[in-house]
Amino acid sequence: MNDPFPLVEELPSRLTPVDAFVRLSTLPRIQFLDSAMPDPEIGRYSFVVADPFQWHRFDEPRLDSLAAVEACWRNFEPHTTAVEDLPPLQGGVVGVLGYEFGRAIEPHQPARVNDFPFPALACGFYDTVIAFDHEKGRSWIVSQGFPELDSERRAERAAQRIATFRELLTTRPRSRPTPSSPAYRTDPECNVTLGNHAVSSSLSEEDYLAMVERGVEHIRNGDVFQVNLAQRLLTPAADDAVSMYLRLRERNPAPYAAFADLGDIQVASASPESFLRLDGSTVETRPIKGTRSRIGRPEADLFSGTDLSVSEKDRAENVMIVDLLRNDLSRTCVPESIHVPRLCGLEQYAFVQHLVSTVRGELRPGQTPFDLLRTCFPGGSITGAPKPRAMQIIAQLEPTRRGAYCGSLFYLGFNGRMDSSILIRTLTASGGWWQLPAGGGIVSQSDPRDEYRETWHKARGLLESLKP
């Protein structure tokens with residue numbers, strides 16, 4: 001292909017990812033893939049996309065919805081080439097798989113309450129990307145000119161889109177709408193005050209402890225080896241979702257931070273966890289299992305981190321999920337290529353420390369990024385093992401559907417590059433409310449009160465972002 005696509009224009013070095021996000025924040029369906037905690041391996045790039053030329057939303061979990069997105073992607077994939085030395089997303093599909101999409105892959109009855117409906121799949125096709133390379137300190141507008149395929153019309157659209165975005169990046173953003181007043185009523189018995197924050201849980205403390213006890217019973221009865229259980233916290237929205245996200249990324253930075261505007265719902269995430277990354281034929285996943293809170297004093301954090309590193313319980317949880325993911329990857333990867341270059345490494349974040357492993361494999365010829373999603377979603381680190389039975393138990397024990405929480409935010413470039421996060425440490429804004437679920441892995445040795453406290457440790461960084 002000799003056509004000069006995509007068109008690329010470098011931006012001034014003073015423009016930051018936050019500048020670009022704020023200035024474009026009133027455009028429809030803006031999504032900010034934000035390496036708020038830059039890292040040369042997993043947090044090198046940030047991307048801002050907005051105003052997609054196609055938008056797909058599927059409320060019910062069905063595999064044919066993912067097939068429909070794949071069919072559209074294939075219309076454009078042959079008409080693009082990757083520009084070397086630029087960040088990997090140079091136009092493509094960006095969106096969210098809600099946790100309940102997993103019922104399309106492993107059918108089971110959903111949780112009984114669906115008080116904040118969330119799409120199973122919502123994604124846009126973006127022809128223009130603002131791309132940042134934190135290592136080089138450089139940024140670009142990249143424009144594909146899609147949906148046009150005729151060379152002349154495509155070149156005209158690509159140039160026009162660059163001009164439009166360049167102008168928006170130099171002007172003051174318009175004011176954002178204020179959130180609507182909450183109409184949903186919470187259960188007074190589940191209201192909790194933590195510090196200065198008043199929130200309502202989907203479960204009272206007593207009910208949460210009973211849920212964990214039932215999870216342990218399932219494990220001891222041989223139904224599962226491990227199951228993840230969570231409580232959903234609610235608080236009235238204090239201001240607009242963009243402002244809330246800016247506080248979240250500042251106070252709880254993470255390599256897989258992100259903001260996604262789905263129209264009537266916004267997702268704001270400070271996730272530290274990668275789901276699937278595809279570079280050429282190399283697939284990588286980085287499961288997190290094992291958590292300790294950070295105290296804020298170096299000697300105390302060192303002691304806590306050492307305790308986590310030598311904990312037989314936490315290491316056993318992590319190894320169980322590594323085995324699960326090796327099995328998931330074997331469905332699309334060359335079996336003998338699957339390996340674990342890092343097992344139970346310690347990583348520190350603003351409020352917690354985690355054990356993190358890395359699993360890699362080589363995609364088999366004929367397999368696609370969509371095959372990867374179909375065979376691996378949802379991530380095993382947030383379900384438990386074996387995954388199908390763990391998902392059934394989660395739906396039976398948790399009273400409300402998870403929505404965005406424990407789903408995945410992903411991009412799939414027209415050039416075949418893919419990256420995705422697991423949506424933990426995530427707030428969802430809808431109906432005048434902010435939702436911030438928190439949970440953890442339950443094993444046979446779990447103490448219900450310890451598990452309950454751990455959910456609040458994980459929620460602390462989110463709670464710190466609630467108030468202006």
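# Notebook: salt bridges, a three-stranded sheet and a pocket

Being 4 residues apart in helix α11 (residues 448–463), glutamate 454 and lysine 458 are separated by about one helical turn. I note at the outset that the model is predicted.

**Entry 1. The pair in helix α11**

I looked up the contact between these two side chains. Glutamate 454 forms a salt bridge with lysine 458, and the closest N and O atoms are 2.9 Å apart. I then asked whether glutamate 454 is buried or exposed. Glutamate 454 has a relative accessibility of 17%, and because buried means under 20%, it counts as buried. Lysine 458, with a relative accessible area of 12%, is buried as well.

I also recorded a network elsewhere in the chain. Asp51, Asp127, Arg157 and Arg161 are joined into one network by salt bridges that share partners.

**Entry 2. The pair in helix α8**

I turned next to helix α8 (residues 312–329), in which arginine 326 and aspartate 323 both lie. They are 3 residues apart, about one turn of the helix. These two residues form a salt bridge, with 3.4 Å between the closest N and O atoms. Arginine 326 is partly exposed, at a relative accessible area of 38%. Aspartate 323 is also partly exposed, and its relative accessible area is 40%.

**Entry 3. A pair across the chain**

How many salt bridges does the count come to? I entered 33 salt bridges. One of them joins arginine 417 to aspartate 279, with the closest N and O atoms 3.3 Å apart. This pair links distant parts of the chain, the two residues being 138 residues apart. Arginine 417 lies in the loop between β21 (408–413) and β22 (418–422), whereas aspartate 279 belongs to strand β15 (residues 274–279). I checked the accessibility of both partners. Arginine 417 is partly exposed, with a relative accessible area of 26%, and aspartate 279 is partly exposed at 42%.

**Entry 4. The largest pocket**

I looked up the largest pocket and recorded a volume of about 550 Å³. Its lining consists of 30 residues. Which of these residues lie nearest the centre of the pocket? They are Tyr45, Tyr256, Arg277, Tyr411 and Asp419.

I then sorted the lining by strand. At least two lining residues come from each of β2 (31–34), β3 (45–49), β13 (256–261), β15, β16 (282–285), β21 and β22. Strand β22 gives the most to the lining, with 4 residues. I note that β21 and β22, which flank the loop holding arginine 417, are both among these contributors.

**Entry 5. The open sheet and its helices**

I examined an open sheet of 3 strands, ordered β20-β11-β25, with antiparallel pairing. Its edge strands, β20 (384–385) and β25 (438–442), each pair on one side only.

I followed the pairing of β11 with β20 in detail. Strand β11 (residues 226–231) pairs with β20 in the antiparallel sense over 2 bridges. Which residue of β20 stands opposite glutamine 226? I found alanine 385 in that position.

Two helices were entered against this sheet. Helix α10 (residues 387–397) packs on the sheet and touches β11 and β20. The direction of helix α10 makes about 30° with that of β11. Helix α5 (residues 205–220) lies across β11 and β25, and runs at about 170° to β11. I note that β11 is therefore touched by α10 and crossed by α5, where a touch means heavy atoms within 4.5 Å.

Definitions and conventions
Residues numbered from 1 in each chain as written. Predicted model: local features only at pLDDT ≥ 70, side-chain atom pairs only at ≥ 80, totals over all residues. Heavy atoms only, no water. Pairing = 2+ DSSP bridges. Axes fitted to C-alpha atoms, helices over the stretch in contact; angles between N-to-C directions. Salt bridge = Lys/Arg side-chain N within 4 Å of Asp/Glu carboxyl O. Buried < 20%, exposed > 50% of the residue type's maximum accessible area, 1.4 Å probe, protein only. 1 Å grid on protein atoms, 1.4 Å probe; cavity = no way out; pocket = protein on both sides within 12 Å on 5 of 7 lines; lining within 4 Å. Points joined across faces, edges and corners; volume = space filled by probe spheres on them.
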